[in-house]
Amino acid sequence: MKLKRILTFLFVLTGSLFSISCEKNATIPLPKVEKKLVLTCFISPDEDSLTARVTWSKPIFGVNNNFIETVTDATVEITGPDGSAGFYLEPVSESYVVHKELIQIKPGTTYTVSAHLPNGIMVRGTCTIPLRSENSFETEVLDSVLQYQDGNGKDVYSYNVKMKFKPSATGESWYRLGAYQRLFQDYFPDKPAQETWETLDYDLDSRFFVSSGPSANPYSAVVSTGAGFYNELDSSKVYRFMLVQGDRSYYQFHESVFNFEGDNPFAEPVQLFSNVEGGLGVVCSYLKESRTIRKP
Amino acid sequence: MCFVLKIQGQTSKPDKITISGYVKEEGSNEPLVGATVYIPRLKTGTVTNGFGYYALTVPSDSVTIWFSYVGYQIQKIRLDNPQSQVLSISLSEGKTLNEVTIIGNRDTMPQTVENVQMSQLSIRPADVKAIPALLGEKDVIKVLQLMPGVQKGSEGSAGLYVRGGGPDQNLILLDDAPVYNAFHLFGFFSLFNGDALKTIELTKGGFPARFGGRLSSVLEMRMKEGNQQKIKGEGGVGLLSSRFTIEGPIFKNKTSFLFSGRRSYLDILAAPFQNSDSKSKFYFMDFNMKVNHTFSDKDKLYLSGYFGRDLFGFVERASVFGEKEEAGLYWGNATATLRWNHVFNPRLFSNISLIYSRYRFNIYNNSTRSGSEFSLKYYSGIEDFGAKADLDYYYSTVHQIKFGGQAVWHTFTPSAIVIKDASQNEDRNEVKQYGSLESALYVEDLIRVTDRLAFNPGLRQSYFYSDGVSRIKLEPRLSARYKIRSDLAVKASAADMNQFIHLLTNTGVGLPTDLWIPSSPKISPQRSQQFALGLAKDLPKHNLTISLEGYYKQMKQVISYKEGASFLEIESANNTQKSYAWEDQIVRGKSWSYGVEAMVQKHVGKLTGWVGYTLSWTRMKFPDLNFGKAFYARYDRRHDASVVVMYKLKDGISLSATWVYGTGNAITLPLASYSLPTHSPLPSANSFLSAYDNATEYSDRNAYRMAAYHRMDVGIQWHKKKSWGERTWELSVYNVYNHRNPYFYYIGNTTNSQNQSVTTLKQITLFPFIPSLSYNFKF
């Protein structure tokens, strides 16, 4: 009995000692950080318009503010060798937009995007559009797999599609592939259905192909179109395959974001790429090509 | 006290003779490693090797040979007209209270000054038992962390960071078998039971050619052989674990055994308090065993082994629906060594070993729900089969040559995932294993050019084969010593090292999730060059030794997890877009470290201990980390100091205290959060994805420092002789002045004077003031 009491006491003592985790505010000086402007813009000659977003960063330490402030009073401008153009604020998305008629984006050319605030704060980022080269981008339907029969007794197939390209740019170049299916979102009966594109392969979306120079061997990836069971409105399925060639900043930025694991306690901390002087974010560029396949 | 024995030789007289034999402990016949065999008149001598063997070739005139070992009574053997002979000696343990021992005798050979080897630390098992420890758990590695040049990673951690090197850069050997993860309880304790150990030696630099395979240190531990005369035992009961060791003869003076075991019992004590539907399991245990047989003076055979395991898990049952879930993790090492000592002739001694070692880490999760079974098992590990041969050739008192070779077949399992999910009809078995061959040949020569000047040059040729790629590396080594005076020497060393196997450690969490991986076409071997220069001084009148060393070490092809990588394939809610292959999760860079270490040590007397101080810098540079900018290593510690004191108050009572101080670890802090859109190749006009609200701006890597670490531990031991042996009660206190040392920081909230919620940095202290009581016995 006495031994049991001793054991109980020792256990409680040891267990409580182990469970004691003395917590207090850290005594080391904390980083004194002011909020910074975050400018993000992806520039391409293959888009009808360019979009930039301007927000404030929120210092971690200090009085809590749950909101990421979007900046709506900035003057955002793009400057190139042929002139400059100002972005306008699109009120719904709170993004800054400029249409391609106002500034021609040319491959091989360097552009600077800047954002000025009325109080004089300014940030800017610079990038050089990749040179266009013949990448021999192709798609090939490899085979099909029967998925199921629909309500009308019709066979529904999934298709394996191979995308391939041969980088021909000299020096290092960076590519992404994407495979998408067209959908119509029919949420409001009194409004026409909206066209949208659904990713077929999320893993492929976050993968880069890096080339150190012209390649005799093609880079490739195979995706499955899946059964496509979303809706009946688009009975003739349309698939679009994209090849994006980004500049170095485009690659470094996205690689760092894809590596970022948020609050995963097991992951190594990630420093996100930024080429914005005086702030955070990225100004980078890309070219894109697409191929379309309609359901056979 | 010392003994003088006179031995009369025969009448025929060769020019030179060789005296050889073993130096052992009287009573147990335990070989004494590093015992001094010295001839004062000739100012020459040697030390016993790892098996207690020595050989000395001297002129055939009358000589008096001194046999000595710290803490033991000196024996002086006079040989008149000696012949070549086997002369094995037994030394008795000396009483250090009143008697002068070897270090105090000016005529003996001072150890520190005489040794050509620098950057080497020896720990006596008796000191491990005397120094106060966390929860009374005596720990070999924690005592090593009190030495200059050796640092721990974090509060309570038993990791070794030696001269700026990472924890994977230490070769830890237990009776020649490598131990790959030397920790219990998430790194809080090492798995070495001091009761089973005879010698503990750490080499931080100036590596002799017989050592290789790691960049930063070699921790060589030898188990006791077992008392050859009578059964003896010892053990202890503490707050966390209990241990027991028994040793003795199987055949007196021929065959002996040793068995030592240890187990924690918090789980046993907690069992009555746990819910029958929900039980936790947590324990660690380890066993050491050794058997050895002496065939003759020329042949001995040893078999030794180790097995250890840690387990943390839980079992939950929902009795209504018959659901059950159990999950947890366990890890452990197993080693075995079969060794044969053979004396070819008095000047040529050999040791041939067959070695096995295995480390395995497992995570498991088994559940039964709605009659459907799910099973997940992830494991990683490494397994070795090896052989080595080491020969000591005592050519003359000028040349003592060591040469030999080794070969090891490694089987790496960096990741193995086995998933069986009946509800999803999933049966996945992805086991990746790689085999590699690592081998080496070496030769080194301890050259005593004059009484003052000695060199130890060596050359090691390493070979590694993996995944179709062979690598051969030459590693030159050199140590030198010049005696300015009999009690003062300058030493220097240079060593080129290669490391073919690597450990990936996750910096975020302190779990035993480390992965051992081989060099391959994608992963080059790590390489280092280290240079050291130092002074060694003996103060025999005061039983003090003083050392001062400066070093510079550069390491190339050092590996690290890349940013965002983790040890386990995880699909987070934020990001389901990635797949992980461990080979693609690492980056390579370089590291360099330099510093100065000082130590004053008192080995014998009523008061013993040491004071150590290290001033050092460790930096790293990886092209793919920190935007290619150099940064401090996480364990870079500018100042590291320790004071260790052991005092025999009187017969039956001894006191001990330690005080440690260290600059805080380097850490990376988050600075700000922000919204960060990415681009998608979507074929629509607006290519922005939904924004990343949780993007975080971090400081430069390891740009901030944790608060400085310091604490004091004290202990008192009461010894009492009993009819059956001796018992010792020990009361110790860890962190006696309750300093709140930070274990880790996290982002938390507090409220300011305006009642606003404020985000701040919070600190967790793991071990406050912790008393412990333990009972130890020996018979």
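# A tour of chain B

Select B:K230, B:K232, B:K252 and B:K778 to begin. Together these residues form a positive surface patch. Keep in mind that this is a predicted model.

Now keep B:K778 alone. It sits in strand β49 of chain B, which covers residues 770-778. B:K778 is partly exposed, because its relative accessible area is 43%.

**Salt bridges**

Next, turn to the charged pairs. Over all chains, the structure holds 48 salt bridges. Four stops follow.

Pick B:E114 and B:R481. They form a salt bridge, and their closest N and O atoms are 3.2 Å apart. B:E114 belongs to helix α1 of chain B, while B:R481 belongs to strand β30, residues 469-485, so the pair ties together parts that are 367 residues apart in sequence. Are these two residues buried or exposed? Both B:E114 and B:R481 are buried.

Go on to B:R262 and B:D286. This is another salt bridge, with the closest N and O atoms 2.7 Å apart. The pair links distant parts of the chain, 24 residues apart: B:R262 is in strand β21 (residues 255-264) and B:D286 is in strand β22 (residues 278-294) of chain B. Both B:R262 and B:D286 are buried.

Then select B:R527 with B:D496. Their salt bridge has its closest N and O atoms 3.0 Å apart. Here too distant parts of the chain are linked, 31 residues apart: strand β34 (residues 526-539) holds B:R527, and strand β31 (residues 488-499) holds B:D496. Check how each partner is covered. B:R527 has 29% relative accessibility, so it counts as partly exposed. B:D496 has a relative accessible area of 9%, so it is buried.

For the last of these stops, select six residues at once: B:K129, B:D195, B:K224, B:E234, B:R243 and B:E247. A network of salt bridges links them.

**A polar contact from a loop**

Move to B:N181. You will find it in the loop of chain B between β14 (177-178) and β15 (183-184). Its relative accessible area is 4%, so B:N181 is buried. Which side chain does the side chain of B:N181 contact? Add B:Y359 to the selection: the two side chains make a polar contact at 3.2 Å.

**Two unusual backbones**

Some background helps here. Most residues other than glycine have a negative phi. The next two stops have a positive one.

Select B:S119. Its phi is positive, about 55°, although it is not a glycine. The residue lies in the loop between α1 (111-114) and β10 (120-123) of chain B. With a relative accessible area of 2%, B:S119 is buried.

Now select B:N626. This residue is not a glycine either, yet it has a positive phi of about 55°. Look for it in the loop between β37 (607-621) and β38 (631-632) of chain B. B:N626 is buried, because its relative accessible area is 1%.

**A long span**

Finish with B:E316. It lies in strand β23 of chain B, residues 299-318. B:E316 counts as partly exposed, because its relative accessibility is 40%. Now add B:S723. How many residues apart in sequence are B:E316 and B:S723? The separation is 407 residues. Draw a line between the two C-alpha atoms: in space they are 50 Å apart.

Technical notes: Residues are numbered from 1 along each chain as its sequence is written. Chains are lettered from A and ligands numbered from 1 in the order in which they are written. This is a predicted model: local features need pLDDT of at least 70, side-chain atom pairs count only at pLDDT 80 or more; totals for chains, interfaces and linings use all residues. Side-chain values use heavy atoms; hydrogens and water are left out. Patches are made of residues with over 30% relative accessible area and no salt bridge: like charges are joined within 9 Å, nonpolar side chains (Val, Leu, Ile, Met, Phe, Trp, Tyr) within 5 Å. Accessible areas come from the Shrake-Rupley method with a 1.4 Å probe; for residues, only the protein chains shown count as cover. A salt bridge is a side-chain nitrogen of Lys or Arg within 4 Å of a carboxyl oxygen of Asp or Glu. Lys and Arg count as positive and Asp and Glu as negative; His and the chain ends are not counted. The place of a charge is taken as NZ of Lys, CZ of Arg, CG of Asp or CD of Glu. Helices (H or I, at least four residues) and strands (E, at least two) are DSSP runs, numbered from the N terminus. Buried means under 20% relative accessible area, exposed over 50%, partly exposed in between (1.4 Å probe, protein chains only). A polar contact is a pair of N or O atoms within 3.5 Å; within protein, one must be able to donate a hydrogen and the other to accept it, and residues adjacent in sequence count only if both atoms are side-chain atoms.
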